[in-house]
Amino acid sequence: MLAGLSVCLLGNPLYAELGPHGESADNPVIQWHDWGQEAFGRAQAEDKLIVLDLTAVWCHACHVMDQTTYVNPRIVQLLNAKFIPVRVDTDLRPDLDARYRAGGWPTTNVLLPTGEILFQANALGSEEMEAMLLEVQSIYVTDKTVLLKQAGQLWERVKEKMEAGSSREDVLQAAMVQQSVAMIRAQYDPVNGGFRDAPKFFEPEAIQMVLAQGFFEDDPGLLKIGFDTLKKQVGLLDPVWGGFYRYAEQADWSQPHFEKMLSIQALNLRNYVEAFQLTGDLQFKHIALAVIEYVSKFLADPQTGLVFESQDADVRGAEGRTAMSGAEYYSLNETERLAIGIPSVDRRIFTGSNALMAWAYLHASLVLEKVEIGNLALQMLSRLFEERFDLKKGLAHGQTGEGVGLSGLLSDHILFGQALLEAYRVTGRPQFLKNAEALAEVSQRLLQDSADGGFYDHPQLPGKLGLLNFPAKPVKENLQAVLWYLDLFHLTEKPTYRSIAENTLQTMVRSRQPLPLALSGLVIDQWFRDPIHIAVVGNFDDAMAKILLLEGRRMFCPGKIVKGFDPKAGQPKWGDIIFPYDERPVAFVCTDRMCSAPVFHAEAMKESVADMIALLRDPVQK
C-alpha cells in the first residue's frame with residue numbers, strides 16, 4: 001500500500017541508484033530543516049516541494065554526497081530558494097525510514113507539501129540532482145492540481161481499505177514451513193555460501209531457520225547450508241579488531257562496505273554461538289569471541305554499560321571529509337591503523353539495538369561460559385527499563401532529550417521484550433518476566449489493532465505529518481511479535497498471549513505484504529511445534545541441581561523451556577504434572593503430551609532430549 005501512496009515518476013531515468021560526481025569548492029550551506037510542523041507549514045504556506053534526505057551517521061554514500069552534491073553552489077541555491085530541504089537521520093527516526101526509504105541510503109525524496117512522494121532515488125551526483133530538481137519543479141507547477149487530486153484519492157483508498165477489514169479465514173498450515181525450507185534451499189549459493197547472488201548481505205533469520213530445521217528434522221543438508229554460510233561470510237569479519245562489516249558487493253563476500261553496525265554484531269553473535277552449541281567447533285566459538293571483543297573495545301560505553309550504535313567505514317578529517325577510505329584503512333595492521341586514527345563511533349544509544357545486543361550477550365554468556373557479559377546484559381536491561389519505560393508512552397527510542405523523544409515503537413518493544421524473556425530464562429528471576437508482561441500490556445494498549453489483528457509500528461496519535469498518517473503493520477516486526485507472545489504464553493501459561501500470537505500471525509499471513517521467507521517459516525514452525533520442557537527438581541543449593549539447570553539452559557534446542565523446582569518452596573508441579581522427588585536432584589524432559597523417565601546426570605538429560613525429539617519426528621507421534 002505504501003507504494004500506492006507514491007506519485008513517483010517511474011519513467012524517469014533518474015529513478016535509480018546513481019554515483020556522485022566530482023567535488024566542488026566551498027559554498028554557502030543548505031538550510032536543512034528538521035522533520036516537523038515548521039517545515040511542513042512553510043512548504044504549504046510558500047507552496048514549495050519538500051526535498052527529504054534520508055541519511056545515516058555511518059553511511060559512506062551519504063558522506064560522499066555531502067562532500068560533492070550538497071556543496072555544489074547551484075544545488076545549494078536551488079534547494080534553499082525553491083524547495084524546503086529536510087534532513088532525517090534514520091537511526092533516530094525508524095518510523096520515517098520505514099515509509100520514505102527506497103532501497104538503501106541515502107534516499108533522496110521529493111515530496112508534495114503534504115508529504116506524499118513525488119520522486120525517489122538514492123545517491124545523486126550534482127548534475128543528476130540539478131536536472132531532477134528542475135524537472136520535478138516544472139512538473140509540479142504544470143500539473144499541481146492533478147498531483148494533489150491524485151494524492152487525495154490515494155488517501156481515500158487507504159481509508160476505505162482500513163474500514164473494510166480483512167478476511168477471518170484460517171490460513172495457517174504446517175506445510176508452509178517446508179515450502180519456506182524448499183525456497184531457502186533453492187536460493188542457497190553452494191559455491192560462496194549465503195543466499196542469492198551479489199551483493200551479499202547477512203541473513204541471520206535464514207541461518208537460524210536452517211539450523212533449527214536441520215536439528216529438529218535430522219537433516220544434515222540443511223545444517224551444512226548454515227555452517228558453510230557462517231564459514232564463508234567470515235570474509236566480512238575484521239581480521240584485526242573483530243566485528244563484522246555491513247555487507248559485500250561481490251558474491252564471494254569480497255569488496256566490503258566497512259560500516260560496523262551494532263545490530264549486525266548482535267545477530268551474528270547469536271548465529272555463531274548457536275553453531276558452536278550444535279557442533280562444538282572451536283572456529284565458531286573464536287568468531288563469537290571476536291565479535292564480543294570488538295563490541296567491548298569499540299562500542300561499549302564504560303560509564304553506563306550500554307552500547308553505542310555504529311562505527312564509520314572511513315577515517316574522517318576536518319569538516320568530515322574522508323582522510324582515508326575504509327578499503328585502505330582496514331587493510332592495515334593495528335599499529336598502522338592507530339597511527340592514523342580510529343573511524344568515528346556514533347555514540348548514541350538506541351533501545352532496540354541495545355536490547356538485541358543484551359539478548360545475544362545473555363545467550364553467549366551461557367554457552368561460552370562468560371559470566372561477565374551475562375551480568376553486563378542484565379545491567380543493560382535493568383538500566384534501560386528503569387530509565388526509558390513509561391506506562392503511558394512505552395519505551396523511549398533514544399536518550400532523554402535527544403531528537404523528538406520518540407516512544408512506543410513496535411521494533412523497540414519487541415526486541416526489548418524478547419531480551420527480557422531471555423534474561424528470565426537464563427536467571428530464573430521473576431522480575432524480568434514481570435517486566436516483560438508489563439511491556440506486553442503497554443504494547444497491546446498502544447499498538448495492537450484489536451479489531452483486525454496485528455500491531456502498528458507506532459502509536460496512532462493525532463497530528464502526524466505526511467506518510468506517518470499511514471497506519472502500517474510491518475510484517476517483520478509483527479512476526480517477531482508472534483514469537484514474543486508465544487514465548488510469553490509458554491512461560492506464563494496465560495491463554496491471552498497465545499490468542500494474540502495467533503491473531504497476529506493470521507493477520508500477517510492473510511495480508512498482501514510479502515512474507516520474509518526465513519522468518520515466516522521459522523515463526524510458523526514454532527506455532528505448530530510444541531516446545532521441549534525440561535524440569536529440574538532439587539535443592540537449588542545442591543551442586544548437581546545447579547549443573548542440571550545450567551546444562552539444560554545451555555544445550556541447543558530452539559524454543560525449549562527450562563524450569564527449576566526447589567521442593568523446599570512447595571510441590572514440584574508444572575501444569576497438571578507433579579514430579580516425583582526422592583532427595584536426589586533429577587530432571588524430566590517433557591512435551592505437552594508425555595514425559596521422559598527421570599534422569600540424574602547432564603549427559604543423560606541430553607540423550608533424553610535427543611530421544612524425545614526423535615520420537616516427535618515420527619509421523620505416528622506427530
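These notebook entries record what I looked up on the disulfides and on one sheet of this structure.

**Entry 1: the model.** I note at the outset that the model is predicted.

**Entry 2: disulfide count.** I searched for disulfides and found 2 in the structure. I then numbered the bonded cysteines of the chain in sequence order and read the pairing as 1-2, 3-4.

**Entry 3: Cys59 and Cys62.** I looked up the link of Cys59 and Cys62, whose sulfur atoms lie 2.3 Å apart. The cut-off for a disulfide is 2.5 Å, so I accept this pair as bonded. About the S-S bond I read 85 degrees, which makes the link of Cys59 and Cys62 right-handed. I also checked burial: Cys59 and Cys62 are both buried.

**Entry 4: Cys590 and Cys595.** The other link I examined joins Cys590 to Cys595, with 2.0 Å between the sulfur atoms. This link is right-handed, with 105 degrees about the S-S bond. I asked myself which of the categories buried, partly exposed and exposed applies to Cys590 and to Cys595. Buried requires under 20% relative accessible area. Cys590 has 4% and is therefore buried. Cys595 has 35%, over the limit for buried but not over 50%, so I record Cys595 as partly exposed.

**Entry 5: Cys557.** I turned next to Cys557, which is in no disulfide. The nearest cysteine sulfur belongs to Cys590 and is 13 Å away. Because its relative accessibility is 5%, Cys557 counts as buried.

**Entry 6: the sheet.** I traced an open sheet of 4 strands in the order β2-β1-β3-β4 and noted that its pairing is mixed. At the edges I found β2, residues 83-89, and β4, residues 117-121, each of which pairs on one side only. For the twist I recorded an average of 20 degrees from one strand to the next.

**Entry 7: β1 and β2.** I followed strand β1, residues 49-55, along its partner β2 and noted parallel pairing over 7 bridges. Which residue of β2 is the bridge partner of Ile50? I identified Ile84.

**Entry 8: helices on the sheet.** I looked for what lies against β1 and β2 and noted helix α2, residues 37-46, lying across both strands. Helix α2 runs at about 160 degrees to β2. Helix α4, residues 73-82, also packs on the sheet and touches β1 and β2. For the direction of α4 I recorded about 105 degrees with that of β2.

Conventions. Residues are numbered from 1 along each chain as its sequence is written. This is a predicted model: local features need pLDDT of at least 70, side-chain atom pairs count only at pLDDT 80 or more; totals for chains, interfaces and linings use all residues. Side-chain values use heavy atoms; hydrogens and water are left out. Buried means under 20% relative accessible area, exposed over 50%, partly exposed in between (1.4 Å probe, protein chains only). Two strands pair if DSSP finds at least two bridges between them. Helices (H or I, at least four residues) and strands (E, at least two) are DSSP runs, numbered from the N terminus. Axes are lines fitted to C-alpha atoms, for helices over the stretch in contact, and angles run from 0 to 180 degrees between N-to-C directions. Contact means heavy atoms within 4.5 Å.
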